[in-house]
Amino acid sequence: MKATGGCYCGEIRYEINGALRITAQCHCRECQYITGGNPAVFAVFSKDDFQYTAGKIATFKRRDLATPVVRHFCSNCGTAIGNKSPTNPNLMIVKIGMFDDQSFFTPMLAIFTCDKQSYHYIPEGIPAFEKRREKS
Ligand SMILES: [Zn+2]
Ligand SMILES: [Zn+2]
């Protein structure tokens, strides 16, 4: 697929040109901080298919973890752009809220339901995992 997106203030822009690997919603406690409470919804692409085209991202990673996720965000408006995971360095995890056109998105699965809050919604019929999906 081809897609474009950017942060709330418009400083950061990206484009995607490549296959959509998977979509998901994550209920983990960390995502609740980043989103403001709800599960994070995201799409995963090969890192080579994702390119920043404008702006300079800021990054955050926890210092208390051995292999922390690297979170990309806009230092001007605070929009959470996506993550790079040390366990899958060839992937780019992109938040759905930044896409110019979000109509392609439906979550294929839910993860980290161990941290799910009572107000979180999981669509009927999608697989839900207490932690990560088991690698098949
Ligand atoms: Zn911004
Ligand atoms: Zn999460």
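**Two zinc sites and the surroundings of Thr79**

In sequence, the residues that donate to the zinc ion (ligand 1) follow the spacing C-x1-C-x64-C-x2-C. Within this site, Cys7 and Cys77 join distant parts of the chain, being 70 residues apart, with Cys7 placed in the loop between β1 (2-6) and β2 (13-17) and Cys77 in the loop between β7 and β8. The model described here is a predicted one, and in it the zinc ion (ligand 1) is coordinated through the SG atoms of Cys7, Cys9, Cys74 and Cys77 at 2.3 to 2.4 Å. The arrangement is tetrahedral, because the angles subtended by the four donor atoms around the zinc ion (ligand 1) are 104 to 113°, and four donors are assigned to this class if all angles lie between 85 and 135 degrees. For comparison, the ideal angle for four tetrahedral donors at a metal is 109.5 degrees. As to accessibility, Cys7 has a relative accessible area of 9% and is therefore buried, whereas Cys77, at 27% relative accessibility, counts as partly exposed.

The zinc ion (ligand 2) has as its protein donors Cys26, Cys28 and Cys31, each through SG, and these lie 2.1 to 2.2 Å from the ion. Along the sequence, the donor residues of the zinc ion (ligand 2) show the spacing C-x1-C-x2-C. Cys26 is buried, with a relative accessible area of 4%, and Cys31 is likewise buried, with a value of 5%.

Thr79 was examined next. This residue is found in the loop between β7 (70-73) and β8 (80-84), the loop that also holds the zinc donor Cys77. At a relative accessibility of 17%, Thr79 counts as buried, since the cut-off for that class is under 20%. When neighbours within four places in sequence are left aside, Thr79 is in contact with Cys7, Tyr8, His72, Phe73, Cys74 and Met98; of these residues, Cys7 and Cys74 are among the donors of the zinc ion (ligand 1). Arg132, in turn, is separated from Thr79 by 53 residues in sequence, and the C-alpha atoms of Thr79 and Arg132 are 25 Å apart in space.

Key:
Residues numbered from 1 in each chain as written. Chains lettered and ligands numbered in written order. Predicted model: local features only at pLDDT ≥ 70, side-chain atom pairs only at ≥ 80, totals over all residues. Heavy atoms only, no water. Helix = DSSP H or I, 4+ residues; strand = E, 2+ residues; numbered from the N terminus. Buried < 20%, exposed > 50% of the residue type's maximum accessible area, 1.4 Å probe, protein only. Contact = heavy atoms within 4.5 Å. Donors = N, O, S within 2.8 Å, 3.2 Å for Na, K, Ca; no water. Tetrahedral: all angles 85-135°; square planar, octahedral: opposite > 155°, others 65-115°.
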